[in-house]
Amino acid sequence: MPAQLEPFQDSTSARAELVPFLMAQFQGEGACNTEQWLKRMAYWWDENPFANAHPCRGWVLREAGQIVGYLGVIPTFYEDPTGKPIATLIATSWAVAEDHRNAALAMGMMLQRLNRSALLVDTTPSPEVQALLNRWGWISQTKIRRSLVIRGTSLACLAGLRNPDLLPLSNGREITSDLSRVQSICASRPQKALQKHITPDYLRWYSQSPMREHHFIGVVDAEGQLSSYLMLTPKPIKGVSSWKVMDWFTAQETNRELLAMLGHLIGKSPASHGNWWPFISLAAFSPQDLWAGVPQAYQREESVQHFYCLPPEYKGQEIRSVMAEGDWGL
């Protein structure tokens with residue numbers, strides 16, 4: 001009897017059955033032990049403030065009752081240019097046992113069909129899956145411009161980042177690294193694009209990821225309304241110790257508040273622990289000129305794998321991409 005594809009019916013016992021298969025399939029980078037896999041699933045489906053965005057949790061492939069394949073999804077929300085939330089599914093942990101690779105296409109088709117009711121996002125490193133998504137007409141973002149900014153006040157002065165035009169804030173706003181101060185998100189949406197839906201609960205959830213260290217810095221007013229933020233992680237870039245900006249958001253018409261936060265980070269660490277990291281690593285997706293005005297010590301082009309499948313009513317809509325999309329870090 002051929003292997004059978006069925007929806008993953010989430011439960012404590014279903015997770016316990018799935019974990020040994022995932023441990024066997026994911027080795028090397030990204031490998032997790034039993035406890036880590038269970039923490040990830042709880043993070044995706046129990047602690048996630050957007051878990052109710054969609055009921056799907058993925059699919060399993062079975063042969064003789066044994067799991068031989070899995071494609072998971074993490075529910076979330078994106079939003080349209082008016083701020084309206086859009087149900088979204090992030091593909092995760094797609095693995096098929098070697099003897100059943102011919103079933104991978106059918107698993108992918110199950111995900112593709114959900115495009116009728118949800119925006120789909122995948123940041124797969126697999127060339128085979130990338131080729132499949134391209135064939136199905138998914139939108140791809142595959143190039144970024146990577147740059148490094150020097151930290152340390154004396155070095156930054158030499159580089160010009162202490163330009164006073166980069167630093168002032170207006171309207172009683174101030175910079176904070178305390179997420180408890182964020183009570184609401186500014187409703188203004190100057191970006192004419194689909195983008196991640198941001199709420200205070202989402203930011204707190206994301207900052208507590210079990211898979212990667214995340215540090216928040218944002219701009220708030222006296223009532224705790226957030227107008228801009230950066231999310232950073234300590235990560236070497238080609239062996240160079242750097243604070244990597246993984247996510248960013250601004251409700252402002254310009255990048256002024258983003259630059260103010262970068263100026264703040266020149267002399268202050270986003271974390272209360274750890275060693276001094278001498279660079280801030282920035283990424284800009286074409287055609288964004290997001291970091292214009294920042295003196296950059298180094299630039300190069302890098303390849304990334306961001307894929308999107310839009311619901312029919314949003315076909316042709318621009319997407320604002322950030323590095324922290326898909327399941328990377330989740």
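Leaving aside its neighbours within four places in sequence, which residues is Tyr-206 in contact with? I will answer that shortly; please bear in mind throughout that this is a predicted model.

The answer is a list of seven names: Tyr-43, Arg-212, His-214, Met-231, Met-246, Ala-324 and Leu-330, with sequence neighbours within four places set aside. Tyr-206 also appears in the description of the largest nonpolar core, which has 55 residues. Within that core, Leu-203 and Tyr-206 are the residues with the most contacts.

Let me turn to the aromatic rings. The structure holds 12 aromatic pairs. One of them joins Trp-44 and Trp-45, and this pair is edge-to-face because the ring planes stand at 70 degrees, with the centres 5.5 Å apart. Trp-44 counts as buried, since its relative accessibility is 0%. Trp-45 is likewise buried, with a relative accessible area of 5%.

Phe-50 and Phe-77 form an aromatic pair that is also edge-to-face, at 5.2 Å centre to centre and with 75 degrees between the planes. This pair links distant parts of the chain: Phe-50 belongs to the loop between helix H2 (34-47) and strand S2 (58-63), whereas Phe-77 belongs to strand S3 (residues 66-79), and 27 residues separate the two. Phe-50 has 6% relative accessibility and therefore counts as buried. For Phe-77 the relative accessible area is 19%, which still means buried, as the limit is under 20%.

Both phenylalanines belong to a cluster linked by ring pairs, whose members are Tyr-43, Phe-50, Phe-77, Tyr-202, Trp-205 and Tyr-206. Tyr-206 thus returns here, and its partner in contact, Tyr-43, does too.

Two arginines are placed over tryptophan rings. Arg-212, already named as a contact of Tyr-206, lies over the face of Trp-328, at 4.7 Å from the ring centre. The charged end of Arg-320 sits over the ring of Trp-248, and there the distance to the centre is 4.1 Å.

I close with the second core. This separate core has 23 residues, including Trp-243, Met-261, Ala-271 and Trp-291. Where does Met-261 lie? Its place is helix H7, residues 256-267. Met-261 counts as buried because its relative accessibility is 0%. Setting aside neighbours within four places in sequence, Met-261 is in contact with Ile-175, Ile-217, Gly-218, Val-219, Ser-228, Tyr-229 and Leu-230. By contrast, the C-alpha atoms of Met-261 and Leu-194 are separated by 24 Å, the two residues being 67 apart along the chain.

Terms used:
Residues are numbered from 1 along each chain as its sequence is written. This is a predicted model: local features need pLDDT of at least 70, side-chain atom pairs count only at pLDDT 80 or more; totals for chains, interfaces and linings use all residues. Side-chain values use heavy atoms; hydrogens and water are left out. Rings of Phe, Tyr and Trp (its six-membered ring) pair if their centres lie within 6.5 Å; planes under 30 degrees apart count as stacked, over 60 as edge-to-face and the rest as tilted. Buried means under 20% relative accessible area, exposed over 50%, partly exposed in between (1.4 Å probe, protein chains only). Helices (H or I, at least four residues) and strands (E, at least two) are DSSP runs, numbered from the N terminus. A charge sits over a ring if NZ of Lys or CZ of Arg is within 6 Å of the ring centre and within 35 degrees of the ring normal. A nonpolar core is a set of buried Ala, Val, Leu, Ile, Met, Phe, Trp, Tyr and Cys residues joined through side-chain atoms within 4.5 Å. Contact means heavy atoms within 4.5 Å.
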